[in-house]
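Biologist: I would like to go through this structure slowly, asking at each step how a term is earned. Could you show it to me before we begin?

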Amino acid sequence: MKFLKNSSLGHVLAIVTVVIWGTTFVSTKVLLNDGLQPLELTIYRFAIGYAVLWLLHRKQHRPVSLRWELMAAAAGLCGVTGYFILENAALALSPAANVSIVVSAAPIFTALFAFWVLGSGEKPGWRFFAGFVLALGGIALVATNGSAALALNPAGDLMALACAALWGVYAVLTQLLLKSGENVLFVTRRIFFYGLLWAIPAVLLFDTHFNWTVLLSRPTIWLNVIYLGLFASALSYVTWHKATHLLGAVSTNVYIYIIPVVTLLTGAVVLGEAITLGALCGLCCIVLGLVLSEKRKR
């Protein structure tokens, strides 16, 4: 009974997280259009997230082990700095539809890496892969809004694929970090800390400037930044990590399929974008693919 309760909580937390993450594309689009740089925005949101987590959990922890700290540093690189740098670079080269479709391959990478690192307990079955194919087809319809027109760009699409692979590594690393029994808030805070450290050389490499005038010019800008830092980073990463701890990396990451659906609905409500019949068919395919991927043998 306790397992069932934990499992249900894990599914709820995963759904809440992807719903929040699905809205971030619209919020990020608004901020980038207003003049904030991609890396600058990434630093803002995770600095806010780190500060919030520090206020929620101020307890000092001794290092668990050198191996644990190295895994946390790798998680900060893969799931924070590296992921968002590659995603923004991919968006600069390829259409957003391409990027959203390719990045949605993250659950496959998670399943493969989990099976390789964690052992047979995470081995994906035929239902998982069949659900992936069905969901990916639905994501393609949603991302193109039923237009069935994709302009391929090898460089940008490969960067998006690298994003999916990085997230797969990140998912497995977080599951290993949480197995130590450390507090979820502390684990998330530690990952953010290393993510911000990795951002320092990235700032120098990409010659990033911080435009404080733009940041504080209008309430819509700094309110969106606070939303990304507080809800899309601090809160969402904690709920995602908790879901990973309860369900495992593979089952949790399947919910990534829902993100394009939330983005589509958010764009319709906030930006007034039209939803086509093809996109609605894609939504149904995603839901069916998710159910199939999560289905387990008795």
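Modeller: Let us begin with contacts, and keep in mind throughout that this is a predicted model. Of the contacts in the protein chain between residues at least 6 apart in sequence, 89% join residues at least 24 apart.

Biologist: What makes two residues count as being in contact?

Modeller: They count because they have heavy atoms within 4.5 Å. By that test Trp21, leaving aside its neighbours within four places in sequence, is in contact with Trp167, Ala232, Ser236, Tyr237, Trp240 and Ile259. For Trp21 and Pro260, which are 239 residues apart along the chain, the C-alpha atoms are separated by 9.5 Å.

Biologist: Why is Trp21 called buried?

Modeller: The relative accessibility of Trp21 is 9%, and buried means under 20%, so Trp21 counts as buried. In the sequence, Trp21 belongs to helix α1, which covers residues 2-33.

Biologist: How do you know whether Ala89 of helix α3 is buried, exposed or partly exposed?

Modeller: Its relative accessible area is 26%, and since buried requires a value under 20% and exposed a value over 50%, Ala89 falls in between and is therefore called partly exposed. The C-alpha atom of Ala89 is 8.6 Å from that of Ala160, although 71 residues separate the two along the chain.

Biologist: And what is the case for Gly289, which lies in helix α13; is Gly289 buried or exposed?

Modeller: Here the relative accessible area is 0%, which is under 20%, so Gly289 is buried. Not counting residues up to four places away in sequence, Gly289 touches Gly131, Leu134 and Ala135. Gly289 and Tyr257 are 8.4 Å apart in space, C-alpha to C-alpha, with their places 32 residues apart in sequence.

Biologist: How much of the whole protein chain counts as buried?

Modeller: Of its 298 residues, 48% count as buried. The chain exposes about 14,200 Å², and carbon and sulfur atoms supply 71% of that area.

Biologist: What makes a group of residues a nonpolar core?

Modeller: The group must consist of buried residues of certain kinds, Leu, Trp and Tyr among them, joined through side-chain atoms within 4.5 Å. The largest such core has 74 residues, and those with the most contacts inside it are Leu36, Trp167, Leu177 and Tyr237. Helix α3, residues 66-93, gives the most to this core, with 10 residues. There is also a second, separate core of five residues, including Leu39 and Ala199.

Biologist: Which residues does Leu36 touch?

Modeller: Not counting residues up to four places away in sequence, Leu36 touches eight residues by name: Leu31, Leu41, Tyr44, Asn211, Val214, Leu215, Ile221 and Val225.

Biologist: What describes the packing of two helices?

Modeller: Two packed helices are described by the angle between their axes and by the distance between those axes. For helix α2, residues 38-56, and α3, the angle is about 145° and the axes are 10 Å apart. The contact is made by Pro38, Leu39, Thr42, Arg45 and Phe46 of α2, together with Val80, Phe84, Ile85 and Asn88 of α3.

Biologist: How many of these contact residues are nonpolar, polar and charged?

Modeller: There are six nonpolar, two polar and one charged residues in the contact of α2 with α3. Arg45, for instance, is part of the contact and is called charged because Arg belongs to that class.

How values were computed. Residues numbered from 1 in each chain as written. Predicted model: local features only at pLDDT ≥ 70, side-chain atom pairs only at ≥ 80, totals over all residues. Heavy atoms only, no water. Buried < 20%, exposed > 50% of the residue type's maximum accessible area, 1.4 Å probe, protein only. Areas by Shrake-Rupley, 256 points an atom, 1.4 Å probe, with all protein chains shown as cover. Helix = DSSP H or I, 4+ residues; strand = E, 2+ residues; numbered from the N terminus. Axes fitted to C-alpha atoms, helices over the stretch in contact; angles between N-to-C directions.
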